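Please open the model in a viewer and keep the selection tool at hand. The tour below proceeds by selection, one stop after another.

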Amino acid sequence: MSPGASTEDTFRRKDLLGLRFLSAGEITHILDVAEQFRGLNTRAVKKVPTLRGKSVVHLFLEPSTRTRTSFDIAAKRMSADTFSISGSASSTTKGETLLDTAKNLAAMHPDIIVVRHRRAGGAMILADALPETCIINAGDGACEHPTQGLLDLLTIRRALGGFAGRTVTILGDITHSRVARSNIWGLTKVGAKVRVCGPPTLIPMGLEEWGVEVHHNLEEAVRGADVLMALRIQQERIPRGGHFFPTLREYSRLYGLNRDKLRRWARKDVVIMHPGPVNRGVELEPEVIDGDWSVILDQVENGVAVRMACMYLVLGGERAAAREGRG
Ligand code: NCD
């Protein structure tokens, strides 16, 4: 199924490419299924036969620690066979295109390819070209990172009980962040209010048209927000010689969060998030990362359940379970 607007409130797609293409109902459904998988991750025996006989290829052509491990653990806990290919070990370093690499992998009949690529649209190209293989986008350039957006939504829903009337402030490098884009799409669809805040050079023009409030003053962006989501500056996506702010120290003084700023401006019960990897002392001070406000490790924990849900749903597991009366 190619991407497009949807009013579905269940998830029936072959691929998961971005939250932009999903309806609020589809997003809520994925979160509900992930909620059911959560319990498995803390049981003594963490394996279920749900994806037995299925194979999952992790094609990561950009660095990753959390996302890749999380997908791998999720697939293995559902008994799928997993195969990992990284950028340096793949034939893309010999000049092969992403599409040729993927077509060759698809010829070995994996059920899912999880792909991370530095170019926006990388996952979409594979989804169109490989009708027999489910494609899950694990990050395409600065475009989308849908499973990160979903795990962030699940973490927020668990922390706050829902999205209606809630305000989420996303802080930092919005221009180069696929996490920001997936969160903006996802959060606005499920009814949360989104603010972004950062230096004008790190916020794309016209973002207000996405239904987002744009701030350049940290205090204004923090006051009244239920969630503060800090982002890393994506140095790897900033062209060499590009200067988006004077110095890291200056950036941190204006846009970094520390205990003092939180005590003065934030709600007492504010929730602090970060997709990782965190640059300690730049976007967040250690006392914030490790303090009671932080749900950063909950995000990582919820990521496994969300990825289980996504793999299960793209493979039509739910439809099969309903057919067999296990729904
Ligand atoms: C993010 C990514 O790769 O886009 N990290 C992640 O997947 N957990 C954010 C980042 O790299 O800063």
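The stops that follow begin at the ligand and end at two features of the backbone.

**Stop 1: the ligand and its pocket.** Bear in mind throughout that this is a predicted model. Select the ligand and display a surface for the protein. The ligand occupies the space of the largest pocket. Helix H2 (66–77) and helix H6 (178–189) are the elements that each contribute two or more residues to the shell around the ligand.

**Stop 2: the surrounding shell.** Next, select Arg66, Thr67, Arg116, His145, Gln148, Arg178, Val179, Arg232, Gln234, Pro275, Gly276 and Pro277, which together surround the ligand. By class, this shell comprises 3 nonpolar, 5 polar and 4 charged residues. Colouring the model by domain adds a further view: domain 1 (19–145 + 303–320) and domain 2 (146–300) each supply at least three residues to the shell.

**Stop 3: polar contacts.** Reduce the selection to Thr67, Gln148 and Arg178, and show distances to the ligand. In Thr67, a polar side-chain atom is placed 2.9 Å from an oxygen atom of the ligand. For Arg178, the distance between a side-chain N or O atom and an oxygen atom of the ligand is 2.7 Å. Gln148 has a polar side-chain atom 3.5 Å from a nitrogen atom of the ligand. How much of the ligand's accessible area does the protein cover? On its own the ligand has 320 Å² of accessible area, and the protein covers 93% of this.

**Stop 4: the Gly276–Pro277 bond.** Now select Gly276 and Pro277, both members of the ligand shell, and display their backbone atoms. The peptide bond joining Gly276 and Pro277 is cis, with omega at about -5 degrees. Pro277 belongs to the loop between strand E9 (271–273) and helix H10 (286–289).

**Stop 5: Ser79.** Finally, select Ser79, in the loop that runs between H2 and strand E2 (81–86). Is the phi angle of Ser79 positive or negative? Although Ser79 is not a glycine, its phi is positive, at about 70 degrees.

Technical notes. Residues are numbered from 1 along each chain as its sequence is written. This is a predicted model: local features need pLDDT of at least 70, side-chain atom pairs count only at pLDDT 80 or more; totals for chains, interfaces and linings use all residues. Side-chain values use heavy atoms; hydrogens and water are left out. A residue is near a molecule or strand if one of its heavy atoms lies within 4 Å of it. A polar contact is a pair of N or O atoms within 3.5 Å; within protein, one must be able to donate a hydrogen and the other to accept it, and residues adjacent in sequence count only if both atoms are side-chain atoms. Accessible areas come from the Shrake-Rupley method with a 1.4 Å probe; for residues, only the protein chains shown count as cover. On a 1 Å grid over the protein atoms alone, a cavity is a set of points where a 1.4 Å probe fits but cannot get out, and a pocket is an open set with protein on both sides within 12 Å along at least five of seven lines; lining residues have an atom within 4 Å of a point. A molecule sits in a cavity or pocket if more than half of its atoms lie within 2 Å of its grid points. Helices (H or I, at least four residues) and strands (E, at least two) are DSSP runs, numbered from the N terminus. Ala, Val, Leu, Ile, Met, Phe, Trp, Tyr, Cys and Pro count as nonpolar, Asp, Glu, Lys and Arg as charged, and the others, Gly among them, as polar. Domain bounds come from an automatic or database domain assignment.
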